[in-house]
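This report describes a structural model, moving from local backbone geometry to sheet and helix packing and then to the contact between chains. The sequence and structure are shown first.

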Amino acid sequence: MSEGEHSCAEHCGIFTIGGDLAIQGAYRDICYQPVRDNIWTASEGIYRTIFLEGNKGCIAFDTFGTPGTARAYQQAIARVFPKKPIHTVVYSHEHLDHCGYAADLAPDAKILSHDYANQVIVGRQSSGQLAAHETFADERISHEIDGCYFELIYPGHTHGDGNIAAYFPQSKTLFMVDTVADGVGYTTLMDWHLTHYVPVMKRFLSLDWDVFVPGHFWPITRPRFIQILDYWERMFDFGQQAIFDGLDPHDWDGLNKYTDEKLGPLYGNEFRYHEYGAMNLYRYMQEYLTGGWGMEGNMTPPNLSPL
Amino acid sequence: MTENRGLFTLPGAQAYLAAEPEMTTEQLSDRLFTVSDGQVRTIFMAGDTGVIAFDTFGTPGKARAYGKAIAIAVPDKPITTIIYSHDHLDHAGFAADLAPNAEIIADELCAKVIKLRGAEGQLQPSRVLTGERNELTIDGVDLVLLNPGPTHGSGNMAAYFAEEKTLFSSDTILANAKYGFMPDYHFCNFIRFMRGFLELDWDRFVPGRYELTDRDGFERGCDFIEAVMTTCQEAFVGFVPIWAYEPMKGYCMGQLSERFGDMEGFENHIGQMAIRIVHHYLMGGWGLEDTPEPSVLLADQVAL
């Protein structure tokens, strides 16, 4: 179905159903708070991102995942900095739920992304997702834009394509989406490239930061970041053991029972454990049953040295 | 004896890897057979002088049991050719234990992923195919290998046997609703590619899991997945909490039970399918495989 067949007046992402796509236009309240220096963070309760105050305008990371939330994000930034329009958008990666609606956030802004992310964005042709104007293909690039200094880092394949962190050395702050967030989250670890995920993420520990802003929920400390990575690392062994114990990864009741027995005593108090512990285990089991998925899921990172 | 380990790293893997399940073999024609361990299913063909085995099953023990099943069905003919349906270890991970000296045929992309993976026991293909359609004659057997584009895993090839009016496609359409969370499926073009197989003349479908079905069963499988894709979009735009298992299951059950509730495994799997498929629309698909004119990111960085 083409965009023109929708009665929805909004950008419609990759939806193929017709009619009024009510969620696309729905307004969401955006909460915002300062992080450090010129860095602010914004969230609608589940998703989180950052924006920067420049001398003349603002730099927004990501767009949120519907036209309505993108507009609400723009309004939130305008509330904090009413005379400073968004002149730059930085995509953390290519997924629509974080970066799908620059057309509704700031259609005239300059957009930056990693090359891998932009290749997928161009190929996807999603309604409302604008292609980047400037990309980089290396591991690391520094920007000085409108008085804001930051470094964009592609550490290796983690989640989605071209998923980059933003590092603010002067503020000892790191921002990265859909990799580490507090608790047990991310359902079945959608589009995660598990095989080399942990060593790739540990590269960030060579940088000097003590605040981590994730793409969901709330900012966390460096020790908490390490704890969460430890959970993801230990799940490799739990996934293998579940297979040896004869658990069928497609048996939802069995997955939950097994997870409660084996992981509950260790992680039962983690945020959203009871929703997602079983789904997490499922994904780790598949890593061993099927092998990693695709190029990103199998390619050894060219560089695992400190950043 | 130490078994090939695939990707397992824990010492406890050995017993799991060594276990040899009972295999059930069914003869489909003079030359064509299908075999299953109760979950995974594949096919093999008797050539003039040897056997062409599709896939290997997912452990060394299962590969050996597969080899024994072949030897019973086609005595005195060695396995001379293995054709990988796709790259996943649970189907194609242990050629080293099935027939280490056989010629191995696979799609180019499948071969590249296998090379990157480096799993112990998964042998590198010795003959690589490209393109959507390859017509081969191997040891007196005519067969057509079809890769319409990304469907599941990497380099997933279906096999079409015109004489037997049979299509084999691994981990795509099933004869039931037991899809689970649909690992490594590429949804953007999935239904279009699957329905493309209906342009061929066949009346028996051999899936990569569970039981066989016919043309009508295959079409119903396409209808089912397409209906779940539509229903997941409706759930999304209707403010169903798409992150949560029970609400997504409940919504899809309500919308789809009347039409598809009779399919085996429907109630136990529809929630898992819904969680996976609704994320396709939330996130936009995964990688270049999931775009309207699909390709594969990084593929040109891997040399065979």
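In the hairpin formed by E8(A) and E9(A), 2 residues lie between the strands, and Asp146(A) adopts a positive phi near 50 degrees. The model is a predicted one, in which local features need pLDDT of at least 70 and side-chain atom pairs count only at pLDDT 80 or more, whereas totals for chains, interfaces and linings use all residues. Residues are numbered from 1 along each chain as its sequence is written, and chains are lettered from A and ligands numbered from 1 in the order in which they are written.

**Hairpin and neighbouring strand**

Helices (H or I, at least four residues) and strands (E, at least two) are DSSP runs numbered from the N terminus, and two strands pair if DSSP finds at least two bridges between them. Strand E8 (residues 140-145) and strand E9 (residues 148-153) of chain A pair in the antiparallel sense through 6 bridges. Within this pairing, Glu144(A) has Tyr149(A) of E9(A) as its bridge partner. E9(A) also pairs in the antiparallel sense with strand E10 (residues 165-168) of chain A, over 3 bridges; here Leu152(A) is matched with Ala166(A) of E10(A).

**Positive phi values**

Most residues other than glycine have a negative phi, and most peptide bonds are trans. Two aspartates in loops depart from the negative sign, Asp62(A) with phi near 65 degrees and Asp184(B) with phi of about 60 degrees. A residue is called buried if 20 or more other C-beta atoms lie within 10 Å of its own, exposed if 12 or fewer, and partly exposed in between, with C-beta atoms placed from the backbone. The table places both aspartates on this scale.

| Residue | Phi | Loop | Other C-beta atoms within 10 Å |
|---|---|---|---|
| Asp62(A) | near 65 degrees | between E4 and H2 of chain A | 29, buried |
| Asp184(B) | about 60 degrees | between strand E11 (166-169) and helix H6 (190-196) of chain B | 23, buried |

**The sheet of chain A**

Chain A holds an open sheet of 7 strands in the order E1-E2-E3-E4-E5-E6-E7, with mixed pairing. Strand E1 (31-36) and strand E7 (134-136) of chain A each have a single partner strand and stand at the edges, so one side of each lacks a neighbour in the sheet. From one strand to the next, the twist averages 25 degrees. Strand E3 (residues 48-53) and strand E4 (residues 58-61) of chain A run antiparallel and are joined by 3 bridges; Leu52(A) has Ile59(A) in E4(A) as its bridge partner.

Two helices pack on this sheet. Axes are lines fitted to C-alpha atoms, for helices over the stretch in contact, and angles run from 0 to 180 degrees between N-to-C directions; contact between two residues requires C-beta atoms, placed from the backbone, within 7 Å. Helix H2 (residues 67-80) of chain A touches E1, strand E2 (39-43), E3, E4 and strand E5 (86-90) of chain A, and its direction makes about 140 degrees with that of E2(A). Helix H5 (residues 115-124) of chain A touches strand E6 (110-114) and E7 of chain A, at about 110 degrees to the direction of E6(A).

**Helix H8(A) and its partners**

Which residues of helix H8 (residues 252-262) of chain A are buried? They are Trp252(A), Leu255(A), Tyr258(A) and Thr259(A). Seen down the axis of H8(A), these residues fall within an arc of 130 degrees (taken from the directions from the helix axis to the C-beta atoms), so they line one face of the helix. Asp253(A) and Glu261(A), on the other side of H8(A), are exposed. The buried residues of H8(A) pack against helix H7 (222-244), helix H9 (264-267) and helix H10 (273-290) of chain A, together with helix H9 (266-283) of chain B.

H8(A) and H10(A) pack at about 105 degrees, with axes 9 Å apart. The two helices are therefore roughly perpendicular (65 to 115 degrees; under 35 counts as roughly parallel, over 145 as roughly antiparallel, and the rest as oblique). Leu255(A), Asn256(A) and Thr259(A) of H8(A) meet Gly277(A), Ala278(A), Leu281(A) and Tyr282(A) of H10(A). Gly277(A) is buried, with 25 other C-beta atoms within 10 Å.

**Contact between the chains**

In the contact between the chains, 55 residues of chain B meet 47 residues of chain A. H9(B) supplies the largest share of the side of chain B that touches chain A, 10 residues.
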